[in-house]
Amino acid sequence: MGLKTNITEMFGIKYPILAAPMGPFYTTDLTIAVSEAGGLGVLSHTNLFGKSSLTEMKKNMEYVVEHTDKPFGFNIRTSRMQMDAPGLCRAIPRFINNNPKIKEQCRYIITSAGTPKMIYNKAFQKLRDGGSEIKHFHVAPALWLADKCVTAGCDGVVVTGWEGGGHQSYERVSSLVLLQQVKLKHPDLPLIACGGIATGEGMAAALSLGAGGIAMGSRFIASKESEFHENYKNIVPAAGANDTMWVTGVLGPIRLWRNKYSLDHGVVTSKEEKMALEAQLTPQKALEDQKHYEMTYEGNVDDGAVLLGQSIGVIKSIESVKDIMDNIVATAEKSLIKASKMVI
Ligand SMILES: Cc1cc2nc3c(=O)[nH]c(=O)nc-3n(C[C@H](O)[C@H](O)[C@H](O)COP(=O)(O)O)c2cc1C
């Protein structure tokens, strides 16, 4: 048995499973593990402890191609609040273009949290004209954003519903509904389903709804290879689906595990309210908020910002990435076969 979809074909991968980007944390070992296991690993936009995201991204890419010959991807968060994003959008395509092994293996850029258009600059055009097979997807947490991606010329979208961990939209539409909305409006657009998926049954549902692949964040946090602190990983198997909440992050709404930080944090419910808040945001305040991610990275999961999705309610173990992926695919195949038997 096996699964062949537009996404496995597009990226030359065995399984239609991608790692969701999880900045500002490191996902370099996770990228290698997911790509080695047959999926597409994805490097995150990382800038912890005042480090340069550009230097970190270059280092991470070099490390990945030293440890796997398989395809991989990377994320740039193009939010207006992400000051390093325009520079990354120019410098990273140039860097890839000048590194033949990275150029061969780096097949996917996922932009998110801002405009999909930021990546369409001369450097990216040159990379594509120079023979790179890189595809550009953007995260669409709402239908209007999927529309924007189509207008911008993206190769596909990552449809991410409200149940997902981390980056969210103000619309609060579930992955189930959003997938149907996007599929109805853009039937031929390549789709990756994301947010709330952590089992083979979930994967089968996403593929039945028209996605060519799935991306998972929380499921991969609870893996042996992920670089997340043990305290962070250990939250997942013990947690329930309603142990997360929706709060306001620096880049927009985010889903966090319920703890001291998230309960103190509050929520704005519209982009207008958020922009009013941004007008008052001082560099010191932004830095203070960033510190809560650094605390989490170091294992302080009471005071830190712990990004997790509702899918933690169905994740019951910390396993190797290979076991997670093999099990999810085997279950998805069985579920799809079982479902097809309902057709008479
Ligand atoms: C710890 C963490 C960090 C995240 N950081 C990012 C990020 O930097 N960029 C981004 O586009 N999405 C980010 N997200 C969202 C994920 O890419 C993805 O949409 C989400 O994990 C999907 O939901 P799931 O956790 O149920 O799989 C993050 C999610 C988590 C859990």
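Reader: Which elements cover the buried residues of helix 3?
Author: This is a predicted model, in which local features need pLDDT of at least 70 and side-chain atom pairs pLDDT 80 or more, while totals for chains, interfaces and linings use all residues. Residues are numbered from 1 along each chain as its sequence is written. Helices (H or I, at least four residues) and strands (E, at least two) are DSSP runs numbered from the N terminus, and contact means C-beta atoms, placed from the backbone, within 7 Å. The cover includes helix 2 (28-36), strand 2 (41-43), strand 3 (72-77), helix 4 (85-97), helix 5 (100-105) and strand 4 (106-112).

Reader: How wide an arc do the buried residues of helix 3 cover around the axis?
Author: Buried means 20 or more other C-beta atoms, placed from the backbone, within 10 Å of a residue's own; exposed means 12 or fewer, and partly exposed lies in between. Ser 53, Glu 56, Met 57, Met 61 and Val 64 are buried in helix 3. They sit on the same side of helix 3, because the arc, taken from the directions from the helix axis to the C-beta atoms, is only 135°.

Reader: Which residues on the other side of helix 3 are exposed?
Author: An α-helix has 3.6 residues a turn, so residues three or four places apart point the same way. On the other side of helix 3, the exposed residues are Thr 55 and Glu 66.

Reader: Which residues come nearest to the ligand?
Author: Its shell has 28 residues, where near means a C-beta atom, placed from the backbone, within 6 Å. Strand 3, strand 7 (166-167) and helix 10 (218-221) each supply at least two of them. Those that come nearest are Gly 23, Gly 164, Gly 166, Gly 217 and Gly 309.

Notes:
Two residues are in contact if their C-beta atoms, placed from the backbone, lie within 7 Å.
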